[in-house]
Amino acid sequence: MNAEAERIKRAFDIVGGAAGLALAAPILALAACAIKLEDGGPILFRQTRLGRRARHFEILKLRTMTVDADRHRSDGVVEAGDPRITRVGKLLRRTAVDELPQLWHVLRGDMSLVGPRPVPPPHLERYDERQRRRLQVKPGLTGWAQVHGRASLPWPERLELDVWYVEHQSLAVDARILARTAGVLLRRDVAYRGEAGGWR
């Protein structure tokens, strides 16, 4: 993607992020109340993730798991039917509402609307040289891997799809991904990790 296209993409991220936050505000408020009423715990979940060029940033998500979730399993992996997921959390994860706070990261410039999903730092040690290419672009709310199966895909396949995006990224590809994202989110079967593992 050339410099002009990157400027257009950033402008679209700012407009889309701001509009998304404004539209999502009532949903976020309701979700926050539901989370607090269910168990009185914190509303937000925070975790360090890798950004562009492996820069660390703290990602925000609505909390979907019990307050003591890490006591029972500390590797960050979430299974379908995981008992640590709260009743409210099941709905938030199925609809991807738990990801909406990341629109703030899009506005800040840590993320983009479209790009490979941000992963925790330990993943960097597992990447080969080709897989590290996914870190050449900003992570996104949605991406090429997400519209081709999301977390139901094994990790090697997801990484290959992310690298494909880096090698073929364009405004047209981004538009195609955004157009397909809504339909993917309606598929309940892709909201959890595939057989190769995933993260909270």
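Contact means heavy atoms within 4.5 Å. The exercises below use a predicted model.

**Exercise 1. Lay out the chain.**
State how many helices and strands the chain has, and give their order.

*Solution.*
Step 1. Count the elements: the chain has six helices and four strands.
Step 2. Read from the N terminus: the order is α-β-β-α-α-α-β-β-α-α.
Step 3. Check burial: of the 200 residues, 48% count as buried.
Step 4. Turn to contacts with a separation of 6 or more: residues 24 or more positions apart account for 70% of these.

**Exercise 2. Describe the hairpin of β1 and β2.**
In which sense do strands β1 and β2 pair, and over how many bridges? Is β2 largely enclosed or open?

*Solution.*
Step 1. Locate the strands: β1 spans residues 44-50, and β2 spans residues 56-62.
Step 2. Take the pairing: the two strands run antiparallel, with seven bridges.
Step 3. Pick out one bridge: Arg49 has Phe57 of β2 as its partner.
Step 4. Look at the turn: five residues lie between the strands, and Arg53 has a positive phi near 60°.
Step 5. Apply the burial cut-off, under 20% relative accessible area. Five of the seven residues of β2 are buried, so the rest of the structure largely encloses this strand.

**Exercise 3. Find the buried side of α3.**
Which residues of helix α3 are buried, and what covers them?

*Solution.*
Step 1. Set the range: α3 covers residues 87-95.
Step 2. List the buried residues: Val88, Gly89, Leu92 and Arg93.
Step 3. Place them around the axis. Their arc is only 125°, so they sit on the same side of α3.
Step 4. Name the cover: it includes α1 (3-39) and β2.
Step 5. Move past the helix end: Ala96 follows α3 and has a positive phi, near 65°.

**Exercise 4. Characterize the second largest pocket.**
What is the volume of the second largest pocket, and which element gives the most to its lining?

*Solution.*
Step 1. Take the volume: the second largest pocket holds about 210 Å³ of space.
Step 2. Survey the lining: among its residues are Met1, Glu6, Lys9, Arg10, Asp13, Arg52, Val137 and Gln169.
Step 3. Assign elements: α1 and β3 (112-114) are those that give two or more residues to this lining.
Step 4. Find the main contributor: α1 gives the most, with four residues.
Step 5. Sort by class: the lining has six charged, three nonpolar and two polar residues.

Terms used
Residues numbered from 1 in each chain as written. Predicted model: local features only at pLDDT ≥ 70, side-chain atom pairs only at ≥ 80, totals over all residues. Heavy atoms only, no water. Buried < 20%, exposed > 50% of the residue type's maximum accessible area, 1.4 Å probe, protein only. Pairing = 2+ DSSP bridges. Arc of directions from axis to C-beta. 1 Å grid on protein atoms, 1.4 Å probe; cavity = no way out; pocket = protein on both sides within 12 Å on 5 of 7 lines; lining within 4 Å. Points joined across faces, edges and corners; volume = space filled by probe spheres on them. Nonpolar A, V, L, I, M, F, W, Y, C, P; charged D, E, K, R; others polar.
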